[in-house]
Amino acid sequence: MAACVVAAAALTVSHVSLSARETMKAERETFMLGTLINISAYGSDKSSLDAAISAAMEEISRLEQLFSVGIASSEISRINAAPTLEGGHTVSPETYELLAQSLREAEETEGAFDPTVGALVGLWGIGTDHTRVPDDFEIAELLPDIGYRKVALLQALDEEDPSQTIYRVSLGKGRQLDLGAIAKGYAADRAARIMRASGVKSALLNLGGDLVAIGEPPKRRGWRLALRDPYGGRGDYFAVITVSDSVVVTSGAYERFFEQDGVRYHHILNPATGRPAVTDLVSVSVVMEQNEARENGARCDALSTALFVMGSEKARAFLDKHKEVQAILISEKDGEHSVYVTDGLKNIVTYSDNAFLQANGGKNNAR
Ligand code: FAD
Ligand code: MG
């Protein structure tokens, strides 16, 4: 029944030839945040590249210990275990910052992204070995508890040491947090910050499909990133996007799902219905600039999930209003597929060939 897998939604296609003697490459791959994390970096000193990658990996691991709902001692698990604790939970600045941003993204997307979907994620168990289709009653019972507006965040100066700020979070009865749709992007931002602060000028970070491209690869203009063909296998891609100092995040229904009685249930839920989002979108890639001044990883991650939930009409209206957000939407209607690309990406997206569109009987509506 279950077919639950996690992998990068985008693949690197530019394997750079390192003919220049002075250019060295360091690379590490590991499994964290329930997914494959790969960081590669280029520069003149291999040991400092290795050190930068180690520091970035350590930071991702540290953040996983704070945010993971799968780790009982994490701050998010602690909050979930006692959502009504009087006075709220004291948390780290990072947890506070990510929750504050989650609430902003929830507001901006009118709740299409909502960090309080935790109880629903648990009910469906998608991506776990206890996936099941809940009955209507179970979903209806949880729905009143879903709602980012009921989360309270409080910052105050520590009375004993006013040079310190205390960060507190209150959830309320029945409410459960899940940062699975935003924390990978936040971790990507933080890891990229560490790489840059270590002097790395050229690197690619891939946190299970959340990609940050720092600078440019050696001897090339931009990193060439392949966008996964949602109808193909792991290695198939439908387009290549060439970027530098950018973040690219993809959400789709094709990575984590299970099937029951011929129906596919995927892992992106509509917080309003409590069920996997019914949407004409098959895949959403969001692209924004990413540098010291603008770390957009968390925002891209939340938005890729939110646009997917919204469906193409609302997603396009959102993109029309937020010109700083670029996106590629693949939608499906009556068996026909189309690709929508925002203006800012038109010149940097190249389609691998027409096989994707032809094979799927679709048309390229890229504008
Ligand atoms: P996204 O679209 O970015 O996120 C979808 C996920 O967000 C869903 O799985 C659900 O958790 C949540 N969600 C669903 N709908 C909404 C919505 N409308 N609004 C807000 N959130 C929503 N995976 C494991 O298998 N084992 C682990 O131990 C594990 N640990 C993790 C620890 C951390 C800190 C993080 C960030 C992730 C972890 N993961 C783990 C992976 C996690 O489940 C991924 O985030 C998941 O695969 C979704 O990523 P995505 O990019 O595919 O989809
Ligand atoms: Mg996301």
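The following exercises, each with a worked solution, concern a predicted model.

**Exercise 1.** Classify the aromatic pair formed by Phe67 and Tyr186, and state which parts of the chain the pair links.

*Solution.* A pair of aromatic rings is described by the distance of the centres and the angle of the planes. For Phe67 and Tyr186 the centres are 5.7 Å apart and the planes meet at 75°. Planes over 60 degrees apart count as edge-to-face, and the pair is accordingly edge-to-face. Next, locate the residues: Phe67 belongs to helix H1 (residues 46-67) and Tyr186 to helix H6 (residues 183-197), 119 residues apart. Finally, both Phe67 and Tyr186 are buried. The structure holds 4 aromatic pairs, and the pair of Phe67 and Tyr186 is one of them.

**Exercise 2.** Carry out the analysis for Tyr96 and Tyr167, and decide whether each residue is buried or exposed.

*Solution.* The ring centres of Tyr96 and Tyr167 lie 4.8 Å apart, with 50° between the planes, and the pair is tilted. Tyr96 sits in helix H3 (residues 93-108) and Tyr167 in strand E7 (residues 165-170), so the pair ties together parts 71 residues apart in sequence. Buried means under 20% relative accessible area. Tyr96 counts as buried because its relative accessibility is 11%. Tyr167 counts as buried because its relative accessibility is 18%.

**Exercise 3.** Compare the span of H1 with the expected value, and identify what covers its buried residues.

*Solution.* H1 has 22 residues, and the distance from its first C-alpha to its last is 32 Å, close to the 32 Å expected at 1.5 Å a residue. The buried residues of H1 include Leu49, Ile53, Ile60, Leu63 and Phe67. Among the elements covering the buried residues of H1 are strand E3 (24-32), strand E4 (35-43), helix H2 (75-81), H3 and H6.

**Exercise 4.** Determine the protein donors of the magnesium ion (ligand 2) and their arrangement along the chain.

*Solution.* The donors are Ala181 (O), Asp301 (O), Asp301 (OD) and Thr305 (OG1), lying 2.1 to 2.6 Å from the magnesium ion. Along the chain, the donors follow the spacing A-x119-D-x3-T. Ala181 lies in the loop between E7 and H6 and Asp301 in helix H7 (residues 297-310), so the pair ties together parts 120 residues apart in sequence. Both Ala181 and Asp301 are buried.

**Exercise 5.** Which residues come nearest to ligand 1, and which polar atoms of Ala112, Asp114 and Lys184 lie by it?

*Solution.* Of the 23 residues around ligand 1, Leu33, Gly180, Arg256, Leu269 and Thr305 come nearest. A polar backbone atom of Ala112 is 2.9 Å from a nitrogen atom of ligand 1. For Asp114, a backbone N or O atom lies 3.0 Å from a nitrogen atom of ligand 1. For Lys184, a polar side-chain atom lies 2.9 Å from an oxygen atom of ligand 1.

Notes:
Residues numbered from 1 in each chain as written. Chains lettered and ligands numbered in written order. Predicted model: local features only at pLDDT ≥ 70, side-chain atom pairs only at ≥ 80, totals over all residues. Heavy atoms only, no water. Phe/Tyr/Trp six-rings, centres within 6.5 Å; stacked < 30°, edge-to-face > 60°. Helix = DSSP H or I, 4+ residues; strand = E, 2+ residues; numbered from the N terminus. Buried < 20%, exposed > 50% of the residue type's maximum accessible area, 1.4 Å probe, protein only. Expected span 1.5 Å × (residues − 1). Contact = heavy atoms within 4.5 Å. Donors = N, O, S within 2.8 Å, 3.2 Å for Na, K, Ca; no water. Near = heavy atom within 4 Å. Polar contact = N/O pair within 3.5 Å; in protein donor to acceptor, adjacent residues only side chain to side chain.
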